[in-house]
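Please take a moment to look over the chain before reading on. The paragraphs below go from an opening in the protein to the strands and then to the aromatic rings.

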Amino acid sequence: MNALRGIAATALFLVLASATADAAQSSAVPRVEVVDYGLYTASVVQSKRDAQGILDSVSSDIRHMKTTHDVPARLGTQFGLRFKLLGEPDGAQVTLKEVWIFPPAGLRPPEANEAIHQIQRNITVTMGKTRYLSYKFDDPWELIPGTWTHELWYQGRKVVSQRFTVGQP
């Protein structure tokens with residue numbers, strides 16, 4: 001009988017230890033290394049408008065032009081950041097929430113009934129690889145001066161916040 005209790009206690013210990021390790025691993029927040037930020041140029045590979053009327057583009061030939069928080073309100077201006085998600089295991093796919101918060105006036109696409117104050121989308125990032133995220137002024141109604149905030153969230157925790165001041169060119 002004592003042998004059975006010993007086996008049951010060992011089994012319970014192993015189950016609890018495994019559950020604790022799994023919980024610790026799933027709650028570990030990866031570290032984000034900002035590689036660069038500011039103004040960029042890039043070639044557009046493809047683009048489409050989202051449900052709010054904002055153009056969402058896939059880019060290539062990305063070039064960092066200037067490290068700055070100051071962004072000229074000019075059509076064609078592209079700003080954002082490049083970052084690397086660091087954690088284990090390297091190469092793992094991780095889902096982040098990307099958020100752009102606009103100045104209080106918000107963006108007003110011609111078809112919109114009310115101002116857009118922020119946009120959010122889920123993105124998949126590969127642990128250990130550099131990723132580029134940006135905003136490009138494609139339409140005159142996007143040229144809103146003020147503070148634009150770019151955030152990345154992982155499992156409800158903010159892991160990056162980058163502010164840009166959009167002003168006159």
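A pocket, as the word is used here, is an open set of grid points where a 1.4 Å probe fits, with protein on both sides within 12 Å along at least five of seven lines. The model in front of you is predicted, and its largest pocket has a volume of about 580 Å³. This pocket is lined by 27 residues, of which L55, D56, S57, R121 and S134 are the closest to its centre. Two or more lining residues come from each of the elements β1 (31-49), β2 (55-66), β5 (93-101), β6 (118-126) and β7 (130-136). Sorted by class, the lining of the largest pocket is made up of 10 nonpolar, eight polar and nine charged residues.

Two of these elements, β1 and β2, can be followed next, since it helps to see how strands are joined. β1 and β2 run antiparallel and are joined by nine bridges, and one place to find this pairing is Q46, whose bridge partner in β2 is V58. The two strands form a hairpin with five residues between them, and in this hairpin G53 takes a positive phi near 95 degrees.

Another set of pairings begins at β5, which pairs with strand β8 (residues 146-154) in the antiparallel sense over five bridges; here W100 stands opposite H150 in β8. Strand β8 is also joined by nine bridges to strand β9 (residues 157-167), and these two run antiparallel, with T149 standing opposite R163 in β9. β8 and β9 form a hairpin with two residues between them, and Q155 in the turn has a positive phi of about 45 degrees. When you trace such strands, keep in mind that in a regular strand the side chains alternate between the two faces of the sheet.

Which residues do ring pairs link into a cluster? They are F79, W100, F102, Y135, F137, W148 and F164. The structure has 13 aromatic pairs when rings are paired by a limit of 6.5 Å between their centres. In the pair of F102 and Y135, the ring centres are 6.0 Å apart and the planes stand at 75 degrees, and because an angle over 60 degrees counts as edge-to-face, the pair is given that name. F102 lies in the loop between β5 and β6 while Y135 lies in strand β7, so this pair ties together parts that are 33 residues apart in sequence. Both F102 and Y135 are buried.

A ring can also have a charged group over it: K97 lies over the face of W153, at 5.6 Å from the ring centre.

Conventions:
Residues numbered from 1 in each chain as written. Predicted model: local features only at pLDDT ≥ 70, side-chain atom pairs only at ≥ 80, totals over all residues. Heavy atoms only, no water. 1 Å grid on protein atoms, 1.4 Å probe; cavity = no way out; pocket = protein on both sides within 12 Å on 5 of 7 lines; lining within 4 Å. Points joined across faces, edges and corners; volume = space filled by probe spheres on them. Helix = DSSP H or I, 4+ residues; strand = E, 2+ residues; numbered from the N terminus. Nonpolar A, V, L, I, M, F, W, Y, C, P; charged D, E, K, R; others polar. Pairing = 2+ DSSP bridges. Phe/Tyr/Trp six-rings, centres within 6.5 Å; stacked < 30°, edge-to-face > 60°. Buried < 20%, exposed > 50% of the residue type's maximum accessible area, 1.4 Å probe, protein only. Lys NZ or Arg CZ within 6 Å of the ring centre and 35° of its normal.
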